[in-house]
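Please load the model into your viewer and keep the sequence panel open beside it. The tour below moves from one selection to the next and says what to look for at each stop.

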Amino acid sequence: MVNNIGRRLLDGLFPHHCALCGLRSGRDVPLCLACEREMPVNHHCCTRCALPLAPGNDAAASPVEVRLCGQCLQAPPAFERVIAPWLYGEYFAHLIHRWKYHREQYLTPLLAALWLQQAQRRGPVDLLVPVPLHWRRRWRRGFNQSEVLCRQLRASCPELRACRVAHRLVARRRATAAQSGMNARQRAGNLRGAFTVSGPCDNLRIAIVDDVLTTGATASALARALSAAGAGRIEVWCLARTPAPGV
Ligand SMILES: [Zn+2]
Ligand SMILES: [Zn+2]
């Protein structure tokens with residue numbers, strides 16, 4: 001009896017079930033601590049583009065040490081750096097699929113919280129720029145997940161309240177082909193001239209926001225367009241980074 005009352009009270013306080021294992025989460029987010037602890041963090045990555053690197057013996061390395069992947073050494077990208085704190089493995093793929101394609105929007109605050117808790121070293125920003133979808137794709141999906149994420153980050157984090165969500169600043173000029181299955185060079189070609197910036201960005205500090213970063217080709221193309229419009233420092237904020245091919 002007492003247990004039942006206690007259970008009902010707890011259900012009222014913590015009504016969520018875990019989106020991964022389906023058990024009661026026991027917290028005010030739909031993810032239990034046990035599942036969260038199993039989600040792989042993108043610790044050992046390129047400090048510029050957040051590409052996961054092969055494990056190295058850097059246990060004693062300073063947290064501000066610079067580690068660059070081959071690609072960033074050869075040709076530094078147009079953005080200052082990517083903050084992608086989680087690895088895109090089965091856990092994140094499941095959460096993002098439900099959020100994006102099944103429109104389970106109760107997951108939005110959880111995803112923003114997962115980003116914020118890991119991304120302590122983000123730079124100051126003036127504008128949050130969601131990666132735009134072409135209008136046709138947005139119309140089919142009904143929403144732009146990057147824009148939803150921008151708004152939630154701003155709502156969840158007091159430090160970001162002064163930022164503007166610039167959801168109309170950039171337009172996707174043409175419907176680029178779906179990029180899955182393309183290599184980095186094909187993606188870059190597919191995206192050439194894909195973005196147009198509709199206003200000046202004079203020295204503004206910008207965070208490009210997206211859900212998952214794969215090769216970084218989309219973020220690079222967008223960063224180049226924003227730089228050409230006068231943007232200052234550009235960071236890329238995304239939830240998760242896919243592993244490098246072969247890692
Ligand atoms: Zn769970
Ligand atoms: Zn890199």
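Donors, as the word is used here, are N, O and S atoms within 2.8 Å of the metal, and because water is not among the atoms, sites may look incomplete. The model you have open is predicted.

Begin by selecting the zinc ion (ligand 2), whose donor residues are spaced C-x2-C-x19-C-x2-C in sequence. Displaying the side chains of C46, C49, C69 and C72 will show their SG atoms coordinating the zinc ion (ligand 2) at 2.3 Å, and the angles among the 4 donor atoms run from 105 to 116°, a tetrahedral site. Both C49 and C69 lie in the loop between α2 (33-38) and α3 (70-74), so this pair ties together parts that are 20 residues apart in sequence. If you colour by relative accessibility, C49 counts as buried at 8%, and C69 likewise counts as buried at 5%.

Next, select the zinc ion (ligand 1), where the SG atoms of C18, C21, C32 and C35 serve as protein donors, lying 2.3 to 2.4 Å from the metal. Along the chain, these donors follow the spacing C-x2-C-x10-C-x2-C. The angles subtended by the 4 donor atoms are 103 to 117°, and the arrangement is therefore tetrahedral. For reference, the ideal angle for four tetrahedral donors is 109.5 degrees. Are C18 and C21 buried or partly exposed? C18 counts as buried, with a relative accessibility of 4%, whereas C21, at 35%, counts as partly exposed.

Now turn to the largest nonpolar core, which has 37 residues, and pick out F92, L128, L153 and W237, the members that touch the most others. Helices α4 (90-101), α5 (108-118) and α7 (145-156), together with strands β7 (206-213) and β8 (234-241), each supply at least two residues of this core, and α5 gives the largest share, 6 residues. Colouring by domain is useful here, because domain 1 (1-38) and domain 2 (42-55 + 66-241) both contribute residues, so that the core lies between them.

Centre the view on L153, which, leaving aside neighbours within four places in sequence, is in contact with A112, W115, L116, L160, V209 and W237. Another core lies apart from this one and holds 34 residues, including V129, F195, A223 and I234.

Finish at E147, found in helix α7, which counts as buried at 11% relative accessibility. Beyond its neighbours within four places in sequence, E147 is in contact with P130, R138 and H167.

Definitions and conventions: Residues are numbered from 1 along each chain as its sequence is written. Chains are lettered from A and ligands numbered from 1 in the order in which they are written. This is a predicted model: local features need pLDDT of at least 70, side-chain atom pairs count only at pLDDT 80 or more; totals for chains, interfaces and linings use all residues. Side-chain values use heavy atoms; hydrogens and water are left out. A nonpolar core is a set of buried Ala, Val, Leu, Ile, Met, Phe, Trp, Tyr and Cys residues joined through side-chain atoms within 4.5 Å. Buried means under 20% relative accessible area, exposed over 50%, partly exposed in between (1.4 Å probe, protein chains only). Helices (H or I, at least four residues) and strands (E, at least two) are DSSP runs, numbered from the N terminus. Domain bounds come from an automatic or database domain assignment. Contact means heavy atoms within 4.5 Å. Donors are N, O and S atoms within 2.8 Å of the metal (3.2 Å for Na, K and Ca); water is not among the atoms, so sites may look incomplete. Four donors count as tetrahedral if all angles lie between 85 and 135 degrees; four count as square planar and six as octahedral if opposite donors are over 155 degrees apart and all others between 65 and 115; anything else is irregular.
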